[in-house]
Amino acid sequence: MPDIKRIKVGTASCGLAAGAADVLDAFKRLSGDIPVVEVGCIGHCYAEPMVELELNDGSSIFYSSVKGDEKSVNAILGLTGEGRFQVPAERAALEKLNVTRLSGRIDPKDIEEYKANGGFSSLRKAFELKPEGVIDAMKRSGLRGRGGAGFPTGNKWSFLAAKKADEKILIMNADEGDPGAFMDRSMMECVPFQVMEGMLIGAYATGATRIFIYCRAEYPLAIKHLNIAIAELKKQGYDRLPGREKPLDIQIKEGAGAFVCGEETAMIASLEGKRGQPRFRPPFPTDSGWNTYPTAINNVETFANVPVVIADPDAFAALGSERSKGTKIFALAGDLKYPGLTEVPMGITLADIVYKIGGAEPGSVKAVQTGGPSGGCIPADKFDVKVDYDSLKELGAIMGSGGLIVIGNNRCMVETARYFLDFTHRESCGKCTFCRVGTTRMFETLENITAGKGKPEDIDFLEDIGNKIRKGSLCALGQTAPNPALSTIRYFRNEYEAHVKDGYCPTFQCAALSDVRLDPDKCIKCRLCIKTCPVQAIGDDFKVDNAKCTRCNTCMEVCPKKAISRVKKGDGFSSNLSK
């Protein structure tokens, strides 16, 4: 094993979930004198557990789906060709790894390794530029907040910098609550020093005296790595900014997982020990925020971009589209081959992300949900749209923080809208009548439609109340909560009409509007379906009693010949009727 300099095992949350702890233990036992270190995720979550071998000649070999047994580990230590991983050329040509350059490549807990890879050089440059120069560089770069609203970061920082106060507050929004989104979690787990460097630059530029990191408690590994990073920063004096008598006060606040606390005024209320509810603006937080002190909030990805911006603001501005500069990290999930993270220049087409990066088969995708549970569904025939803040808005969707869920042809769009409204109506803080009551009525209506109890007038009702909720809600949660229903009605009205007028679900996904049928021509009578059915709905005659069937799909999953399928209501055989 003389060619191997160092062994790196990916132990971010995705790696650990796939069994990386056993892989790490095996390499530590079997690698002899070769150092074994834990790193984060390089974005290819579908290929975890991943291992990188750093060779003495400066090159690296990656292995994917690594097993923690002795035979597999010894084969890798022998530089086997089996299981080697390489980023597909088509994907590599589209990605631009700026913010995620070090993710999964360095030990996230080692400040010295971060410094050896250029860490804190942007902070030193910021000190040379002075606060005014830093803010000017941020404005020149065109960086917009990556939390979803897309407000220019340099402008927000300039508002806080202009305030005169005994204390000024800078908050990092790490309350990532969108289902299917994990960009911020990954940055905190993989490059916590980079995130903190961005915060230090922000505090220096704005004059902030206190830093809060508001992170949901469901991110234990991210919080662990941030605590390690903060302790190292203090140990090496990075919390003592030039011209300051006192060190920065840096605190982590663990949130309880309320989705509404991602809204800045609700987050501030939670930090003050109050119930997390939004308030009317003005005054805006930069005028009166935490305990009435001037306050600015940016999300994790925004702060992770700051060192990249300060290193070369003009190069950053050269990337992306006219009004959306730089790169964006997206979390890919759903019906695609390669779920995980990708960093791409703003302005890339949705088709490139879904098909060339995500690996979804052309023709297999019906839509993409962008912007999380309060985003919108974009149909496949609109995938030529450029992905930036303005273009997605024109289609009735939002970029949000970067969650991107691919929806296959076998998915029901009415059920998709119901799923997301189920989340948002429960996450409403209850302060606004439009949001509290309106989203509940929308959810109940969608429940009725998917349960076969819908009426034709329900579609018009959803459109009417959805637009009223948009206009009447106080915060972005309520203002965007109707988007899944409104966008699916806009682009997939035919599916709604099939449910309420024709009494069937075109995809057979809605259990109340479909039957289960066993095709006797395909059946080989292996009896697996009979043995596994939890309610004995399949008889010895190999016919499905749909009056008993709960539509759990267990029989379909175990059938080796795919002889069982969902069909239109009334088209399934029922054993008690066919005798």
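Guide: Two strands count as paired if DSSP finds at least two bridges between them. Keep that in mind as we look around this predicted model.

Visitor: Okay, in what order do the five strands of the open sheet run?

Guide: The order is 11-10-14-12-13, and the pairing is mixed. Strand 11 (340-345) and strand 13 (376-379) are the edge strands, each pairing on one side only. From one strand to the next, the twist averages 30°.

Visitor: In what sense do strand 12 and strand 14 pair?

Guide: Antiparallel: strand 12 (residues 365-370) and strand 14 (residues 403-408) are held in register by five bridges. To find your place, look for T370, which stands opposite L404 in strand 14.

Visitor: How do I read the two faces of a strand?

Guide: In a regular strand, side chains alternate between the two faces of the sheet. Try strand 6 (residues 169-174), where six of six residues are buried. I169, I171 and N173 point one way, while L170, M172 and A174 point the other way.

Visitor: Which strands does strand 6 pair with?

Guide: Strand 7 (residues 210-216) is one partner, parallel over six bridges, with A174 opposite C215. Strand 9 (residues 295-299) also runs parallel to strand 6, joined by five bridges; there N173 has N299 as its bridge partner.

Visitor: And what about the nonpolar core?

Guide: In soluble globular proteins, nonpolar side chains tend to be buried together. Here the largest nonpolar core has 64 residues, and those with the most contacts inside it are V134, W157, L170, M188, M196 and I213. Helix 9 (residues 192-206) gives the most to this core, nine residues in total. There's also a second, separate core of 31 residues, including F330, M346, V354 and I357.

Visitor: What does W157 touch, beyond its neighbours within four places in sequence?

Guide: Quite a list: V134, I135, M138, G198, I201, G202, A205, T206, N298, F303 and V306.

Visitor: Is helix 8 buried or exposed?

Guide: Buried. Eight of the eight residues of helix 8 (residues 183-190) are buried, so the helix is largely enclosed by the rest of the structure. Among them are D184, R185 and E189.

Visitor: One last spot: how do I judge a single residue, say V500?

Guide: Buried means under 20% relative accessible area. V500 comes in at 9%, so V500 is buried. You'll find V500 in helix 20 (residues 483-502). Setting aside neighbours within four places in sequence, V500 is in contact with I449, G454, K455, P456 and I459. The C-alpha atoms of V500 and G452 are 7.3 Å apart, with their positions 48 residues apart along the chain.

Technical notes
Residues numbered from 1 in each chain as written. Predicted model: local features only at pLDDT ≥ 70, side-chain atom pairs only at ≥ 80, totals over all residues. Heavy atoms only, no water. Core = buried A, V, L, I, M, F, W, Y, C linked by side-chain atoms within 4.5 Å. Buried < 20%, exposed > 50% of the residue type's maximum accessible area, 1.4 Å probe, protein only. Helix = DSSP H or I, 4+ residues; strand = E, 2+ residues; numbered from the N terminus. Contact = heavy atoms within 4.5 Å. Axes fitted to C-alpha atoms, helices over the stretch in contact; angles between N-to-C directions.
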